[in-house]
Amino acid sequence: MSFHPLMPYGSQEFQRSERTLVSEGEAFTFTPDRAAKLEEICSKYPPERRKSAVLAALYLVQEQQQYITASAMRHVAEFLRITPAEVEDVATYYVMFFKAPVGKYVLQVCRTLSCALAGAERVVETLSEKIGVPVGSTDPSGMFTLLEFECLGACDRAPVVMVNNEHWHEKATPESCAKLVDDLRQRGVSTLTGCHLRVER
């Protein structure tokens, strides 16, 4: 008798890769102003360390076309003089880079311990019901995408909802989040403070 589980070494299930490829997308080139901005960022590093600007480059891609494509990653690699694999390593590791089209407003709900204990699950349920889509989806109008997120670092303001990787909605409740959706529909992100040190009114 063994306490070790039986491993299906001979089956096709064993060591199957779960990696999914990023969509090819259309041919991508930075706009002249974004290329100039990225070149300025690169100038802050020694020439042999241009790859240090890869996060900034990916943010600029996302700013330009909303999400990261394989074509865009190859362009970033060429711009920074590194390999496409090095760009893909970064783009696929961080959750703030979207690999598929998202809505105008991406609502990311923190579900880590402090937020979970303060009611993040109810916040997610309310947002899902209000928007009309499950977590990980975009509503048919293309206005909202709902995602769960790991720690946003504002445990004293839990639960926290981040909008578009930038704006914060703190001490969220089901009621305040229903209002958040209505406010975003009517007035956009101007309804948010954008600062994690100030509670929304």
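Which side chains meet in a salt bridge at 3.9 Å, N to O? They are those of D182 and R185. This is a predicted model. The protein has 201 residues, of which 40% count as buried. Its secondary structure comes to seven helices and five strands.

**Overall architecture**

- Along the sequence, the elements follow the pattern α-α-α-α-β-α-α-β-β-β-β-α.
- Among contacts with a separation of 6 or more, 65% are between residues 24 or more positions apart.
- The accessible surface is about 12000 Å². Carbon and sulfur atoms hold 54% of that surface.

**Salt bridges around D182**

- The whole structure contains ten salt bridges.
- One of them pairs D182 with K130, with the closest N and O atoms 3.1 Å apart. This pair links distant parts of the chain. D182 sits in helix α7 (residues 174-187) and K130 in helix α6, 52 residues apart.
- D182 also pairs with R185, at 3.9 Å from N to O. Both residues belong to helix α7. They are three residues apart, about one turn of the helix.
- An α-helix has 3.6 residues a turn, so residues three or four places apart point the same way.
- K130, D182 and R185 are thus named together as a network of salt bridges.
- The members of the network are partly exposed: D182 has a relative accessible area of 29%, K130 has 30% and R185 has 39%. D182 is not buried, because 29% is not under the 20% limit for that class.

**Salt bridge between R157 and D156**

- R157 forms a salt bridge with D156. The closest N and O atoms are 3.8 Å apart.
- The two partners fall into separate exposure classes. R157 counts as buried, because its relative accessibility is 19% and the limit is under 20%. D156 is exposed, because its relative accessible area is 61% and that class begins over 50%.
- Side chains of opposite charge can pair when their charged atoms come close.

**Helix α3 and its surroundings**

- Helix α3 spans residues 70-80. Nine of its eleven residues are buried, so the helix is largely enclosed by the rest of the structure.
- The buried residues are A70, S71, A72, M73, H75, V76, A77, F79 and L80.
- These buried residues pack against three helices: α1 (32-42), α2 and α4 (84-93).
- Just after α3, R81 takes a positive phi of about 60 degrees.

**The sheet**

- Five strands form an open sheet. Their order is β2-β3-β1-β4-β5, and the pairing is mixed.
- Which strands stand at the edges? They are β2 (137-138) and β5 (167-169). Each has a single partner strand, so one side of each is left without a neighbour in the sheet.
- Strand β1 (residues 105-110) and strand β4 (residues 161-163) run antiparallel. Three bridges join them.
- Within this pairing, V109 stands opposite V161 in β4.
- Strands of a sheet pair through backbone hydrogen bonds, either parallel or antiparallel.

**S128 in helix α6**

- S128 lies in helix α6 (residues 120-131). The salt-bridge residue K130 is in helix α6 too.
- Is S128 buried or exposed? S128 is buried, because its relative accessible area is 19% and the limit is under 20%.
- The S128 side chain reaches the backbone oxygen of V133 at 2.6 Å.
- Beyond its neighbours within four places in sequence, S128 is in contact with V133, P134 and L146.

**A nonpolar surface patch**

- L55, Y59, Y93 and Y94 form a nonpolar patch on the surface. Together they have about 410 Å² of accessible area.
- Y59 lies in helix α2 (residues 54-65). Helix α2 is also one of the helices against which the buried residues of α3 pack.
- Y59 is partly exposed, with a relative accessible area of 38%.

Technical notes:
Residues numbered from 1 in each chain as written. Predicted model: local features only at pLDDT ≥ 70, side-chain atom pairs only at ≥ 80, totals over all residues. Heavy atoms only, no water. Patch = residues over 30% accessible without salt bridge, like charges linked within 9 Å, V, L, I, M, F, W, Y side chains within 5 Å. Areas by Shrake-Rupley, 256 points an atom, 1.4 Å probe, with all protein chains shown as cover. Salt bridge = Lys/Arg side-chain N within 4 Å of Asp/Glu carboxyl O. Helix = DSSP H or I, 4+ residues; strand = E, 2+ residues; numbered from the N terminus. Buried < 20%, exposed > 50% of the residue type's maximum accessible area, 1.4 Å probe, protein only. Polar contact = N/O pair within 3.5 Å; in protein donor to acceptor, adjacent residues only side chain to side chain. Contact = heavy atoms within 4.5 Å. Pairing = 2+ DSSP bridges.
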